[in-house]
Amino acid sequence: MAASVKHSQRSASKDQPGPMMDTRRREFLKSAAMGAASSLVAGTAAPSLPVVTADEIPTDGDQLTWNKAPCRFCGTGCHVQVGVEGNRVVAVAGDQAADVNKGLLCVKGYHVGSVLYGKDRLTQPLLRKGDQYVEIQWDEAIDIAAKRIMDAPGEFAFYGSGQWTIPEGYAANKFMKGGLANNHIDPNARLCMASAVTGFLATYGVDEPAGCYDDLDACDVLITWGNNPAEMHPVLFSRVTDRRSKGDKIRLIDISTRRTRTSDAADLYLEMKPQGDVAIALGIMNQLIANETYNKDFVEKHCAFRALEDENPTLKGEAIGEDEFRKRIAKYTPEHVEALSGVPAERIIELAKLFADPDLRITSLWCMGMNQHTQGTAVNSLVHGVHLLSGHFGQPGDAPTSLTGQPSACGTVREVGTLAHTLPGGRVVANADHRAHAEEYWNLPAGRVNPKPGYHTVLMFDRFTSPSTGEGDIKTMFVQVTNPGQTLPNLNKLFNDKKDNDDKFLIVSDVYPTATTQAADLILPAAMWVEKNGIFGNSERRTQQWFKMVSPPGDARDDCWMTIAIAHRLFELGHPGMKDKDGKFLFAMQDDDGNDVPIWKWEHYYDINVDQQLFEEYRLFSRLKHKNLAPYEEYVKARGLRWPVVEQEDGSWRETRFRFSGFDDPFVPEGEDIDFYHSNTNDGRAQIWFHDYKAPPEIPDDEYPLWLCTGRVLEHWHSGTMTRRIPQLSRAMPTSYVELHADDARRLNVRQGETVVVESRRGSANFPVWINGRGKPPQGTLFVPFFDETRLINDVTLDALDPFSKQPDYKKCAARIRKLSQDIT
Ligand SMILES: Nc1nc2c(c(=O)[nH]1)N[C@H]1C(S)=C(S)[C@@H](COP(=O)(O)OP(=O)(O)OC[C@H]3O[C@@H](n4cnc5c(=O)[nH]c(N)nc54)[C@H](O)[C@@H]3O)O[C@H]1N2
Ligand SMILES: Nc1nc2c(c(=O)[nH]1)N[C@H]1C(S)=C(S)[C@@H](COP(=O)(O)OP(=O)(O)OC[C@H]3O[C@@H](n4cnc5c(=O)[nH]c(N)nc54)[C@H](O)[C@@H]3O)O[C@H]1N2
Ligand code: SF4
Ligand SMILES: [Mo]
């Protein structure tokens, strides 16, 4: 067993002021933060944390202790310095020693410390008794949860999160797949990056981006494919705008269905129709082929062509020759693409010319516009294909990079393998060798891991709330660190029926009351962020560690402890899966002297570093598919390391920035420039896919004449449970709204600020109108952010899925708006 890290080691990461940062970039972000905070309404101020800039961190002589942690919010993965006095976080500053953000934070990061101090934190387990909740003790709560599972282990589902820490997700995964031999575990990241995963797998045979944030420092052209990093990955985006303000020539091209702050910063804004991205990617490839301007050498050496099988298509597809690819791509002429996407033919030609230029470095970024898409796998593969066909791959600045949104969607979901069909380290339950490795590392009897994938998120909720399928075979569900009662699509179908269904038992662990806890039978109060130890994995394969700094309020406890305590109660109740093959508890742990530590008892949970022990076990898996991680102690010292991390001859650990590239990736054989060593065709080649354009699943018609897109805003995090409790953020953006084009408003006779009903075939919700607001949707389209629990836009959205990734499309459906007073007959 690895040695546990003593708390005294924490001071090792105490920070000294780092290198000078660019003042303009800092001013930009500071003013963005202050801009949001400046709309404070006088007189309503609640206690809040001071915003401290990195160079204002007090040093010696005061009571504060500073320690590092990644920001609680987005997948950018900035590091903050957290100032603690007594048992309270009292200040937060950007971490100058962090490569990702070099001391900068966005408005959410500056206020991240306040997430802990909303007035209505959950502090005691609560059990539903009729219409009431009664406070109960933890022993009873754990016993109730364990007995529900014991009654029907195969009818239990675990719904987790890309905001789980790596050890939390790893423990949940081991509990389900190794303990209960039940694969009904899936995280909210299914709603977020499942199509990115299938795109990577189909193209390279292995998940996660080859490039990293350094590409943004080196590219000549940056293309955003329907994402809005100016608001959703702000510090990352500032890395690019910063270069431009220093005089670097960098061209920003924003392709989007609506004008956003990213479009405002772009040199060229291309407005497309929903689903137009598929056509645009096909159009670029068409031109590269038609003009013979693709990179023949790169394609010949490193690529192969592929398409879906005619019958029973699979993610693997079938090989097609280059001639067949040429034939199929021929129909996507710039004119045809213009008709499908709304982007003028000459702009498609212009994009193709950029990709045809071998002297440029081109980075593509995307996020939910391409993933929440019924052709999500297809469009992800096509954009990889554009880069491969043109050879814009593998050099710093030349990269197709999918950004993740949540702080550990990569770390906890993709790497730890918490999806319903995956195992740790990028492996799958359907493969006998992969199962055998898991059984070996978990010391389980052969055959324990179930080969059948569990239910993906949408199916899991369908089987739980079962509006259409009779009883539904999921009887008990445990939800941790996610708020499905607000964020699932088509809530009337997938969630709202739970409220009237007493046969189903919903256990929810959260930090605040939410739309989901409202429907819960058992509510478990959780410790959050720096109230516990943790590890996150960000968008660029960077694994980042932090220590617990303050105690959680009341009786709130760690999510990982809850999972282990439930597992141990099941062990006591005699569930055979909670034993390893030597009869020992699945999560048995010892201290440095080899003594057993009863970590299922809360008072002993922090006697050892449970995170470290789980991480060291998980590390074994990381080596199976070249996702190698360093020992835990290395992450204690660093501001994150990008995997694969391999040990050097001198005993140091080296991270990897550019995967598959001979000059940087330790797994590319000596002398090779590029090697796709997980190739689906076992020949070192990546696949350039052909997919036909398909129409969106629901298209506006006479009854529902408008396109509805949903998404986010800078100030709020998802369902708003955390950011709406931070006074500065909630005052800056107090309520959600519907963005509308001025001509549509005129035609519909609605005014700025007026509340209207937004409705679809599935449901409705009310929103104030915002014309020419934060974003500007084109005529005939609406945009609604989903952070406001008082106005649930997911009563309106569609639950149509991508056939491979099973990710729903929240970005397009048919809707209408009407005045509040006006009835539709
Ligand atoms: N402030 C803040 N930042 C966040 C988050 C947050 O809640 N708040 N959440 C994080 C998470 S988990 C995520 S997943 C990311 C999301 O980050 P983004 O994807 O950048 O943001 P969204 O607002 O979800 O996406 C809205 C965009 O989808 C595009 N779109 C609509 N239809 C299409 C289409 O057919 N094709 C394409 N290509 N684009 C289309 C539109 O251009 C629209 O602007 O943000 C992360 N960062
Ligand atoms: N309409 C629409 N809906 C969407 C999307 C969209 O674009 N449009 N995007 C989808 C995407 S990409 C995503 S990622 C999802 C996000 O959807 P969710 O994950 O459901 O949203 P969050 O608000 O992040 O929920 C996290 C919950 O965890 C709680 N929490 C915080 N810290 C802790 C902790 O340490 N422990 C515990 N137990 N709880 C904690 C918070 O209070 C909050 O209730 O939304 C999806 N839904
Ligand atoms: S960009 Fe993301 S990680 Fe960085 S401070 Fe803002 S919310 Fe936090
Ligand atoms: Mo997400």
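**Exercise 1. Phenylalanine 355**

Determine in which helix phenylalanine 355 is found in this predicted model, and decide whether phenylalanine 355 is buried or exposed.

*Solution.*
Step 1. Phenylalanine 355 belongs to helix 14, which covers residues 345–356.
Step 2. The relative accessible area of phenylalanine 355 is 1%. A residue counts as buried under 20%, so phenylalanine 355 is buried.
Step 3. For its placement relative to glycine 773, two separations can be stated: phenylalanine 355 and glycine 773 are 418 residues apart in sequence, and their C-alpha atoms are 34 Å apart in space.

**Exercise 2. The geometry and burial of helix 22**

Compare the expected span of helix 22 with the distance between its end C-alpha atoms, and establish how many of its residues are buried.

*Solution.*
Step 1. Helix 22 comprises 15 residues, 559–573.
Step 2. The expected span is 1.5 Å times one less than the number of residues, which gives 21 Å for helix 22.
Step 3. The end C-alpha atoms of helix 22 are 21 Å apart, in agreement with the expected value.
Step 4. Of the 15 residues, 11 are buried, and therefore helix 22 is largely enclosed by the rest of the structure.
Step 5. The buried set includes Asp559, Cys560, Trp561, Met562, His568 and Leu570.
Step 6. After helix 22 comes glycine 574, with a positive phi near 95°.

**Exercise 3. The shell around ligand 3**

Identify which residues surround ligand 3, and classify the shell as nonpolar, polar or charged.

*Solution.*
Step 1. The surrounding residues are Cys71, Phe73, Cys74, Thr76, Gly77, Cys78, Leu105, Cys106, Lys108, Gly109, Pro234 and Val235.
Step 2. Two elements each give two or more residues to this shell: helix 2 (107–110) and helix 8 (234–245).
Step 3. By class, the shell around ligand 3 holds eight nonpolar residues, three polar and one charged.
Step 4. An unreviewed UniProt entry lists residues 64–120 as "domain: 4Fe-4S Mo/W bis-MGD-type". In the model, the end C-alpha atoms of residues 64–120 lie 26 Å apart, and the span is 7% helix and 35% strand.

**Exercise 4. Cysteines and disulfides**

State how many disulfides are counted, and examine cysteine 709 and cysteine 74 for burial.

*Solution.*
Step 1. A disulfide requires two cysteine sulfur atoms within 2.5 Å; by this rule the count is zero.
Step 2. Cysteine 709 is in no disulfide, and the nearest cysteine sulfur, that of cysteine 813, is 9.5 Å away.
Step 3. Cysteine 709 has 12% relative accessibility and therefore counts as buried.
Step 4. Cysteine 74, a member of the shell around ligand 3, has 12% relative accessibility and likewise counts as buried.

**Exercise 5. Polar contacts of ligands 1 and 2**

Find how many residues surround ligand 1 and ligand 2, and check the listed atom pairs against a polar-contact cut-off of 3.5 Å.

*Solution.*
Step 1. Ligand 1 is surrounded by 33 residues, the closest being Ser256, Gln275, Asp277, Arg712 and His716.
Step 2. An oxygen atom of ligand 1 lies 2.6 Å from a polar side-chain atom of serine 256.
Step 3. Nitrogen atoms of ligand 1 pair with polar backbone atoms of glutamate 231 at 3.4 Å and of glycine 369 at 3.3 Å.
Step 4. Ligand 2 is surrounded by 32 residues, the closest being Asn188, Asn483, Thr487, Asp510 and Ser719.
Step 5. Oxygen atoms of ligand 2 pair with side-chain atoms of threonine 487 at 2.6 Å and of glutamine 163 at 2.8 Å.
Step 6. A nitrogen atom of ligand 2 is 3.1 Å from an N or O atom in the side chain of arginine 712. Arg712 is also listed among the closest residues to ligand 1.

Terms used
Residues are numbered from 1 along each chain as its sequence is written. Chains are lettered from A and ligands numbered from 1 in the order in which they are written. This is a predicted model: local features need pLDDT of at least 70, side-chain atom pairs count only at pLDDT 80 or more; totals for chains, interfaces and linings use all residues. Side-chain values use heavy atoms; hydrogens and water are left out. A residue is near a molecule or strand if one of its heavy atoms lies within 4 Å of it. Helices (H or I, at least four residues) and strands (E, at least two) are DSSP runs, numbered from the N terminus. Ala, Val, Leu, Ile, Met, Phe, Trp, Tyr, Cys and Pro count as nonpolar, Asp, Glu, Lys and Arg as charged, and the others, Gly among them, as polar. UniProt positions are given in the numbering used here, feature names are shortened, and annotations may be inferred rather than shown by experiment. Buried means under 20% relative accessible area, exposed over 50%, partly exposed in between (1.4 Å probe, protein chains only). A polar contact is a pair of N or O atoms within 3.5 Å; within protein, one must be able to donate a hydrogen and the other to accept it, and residues adjacent in sequence count only if both atoms are side-chain atoms.
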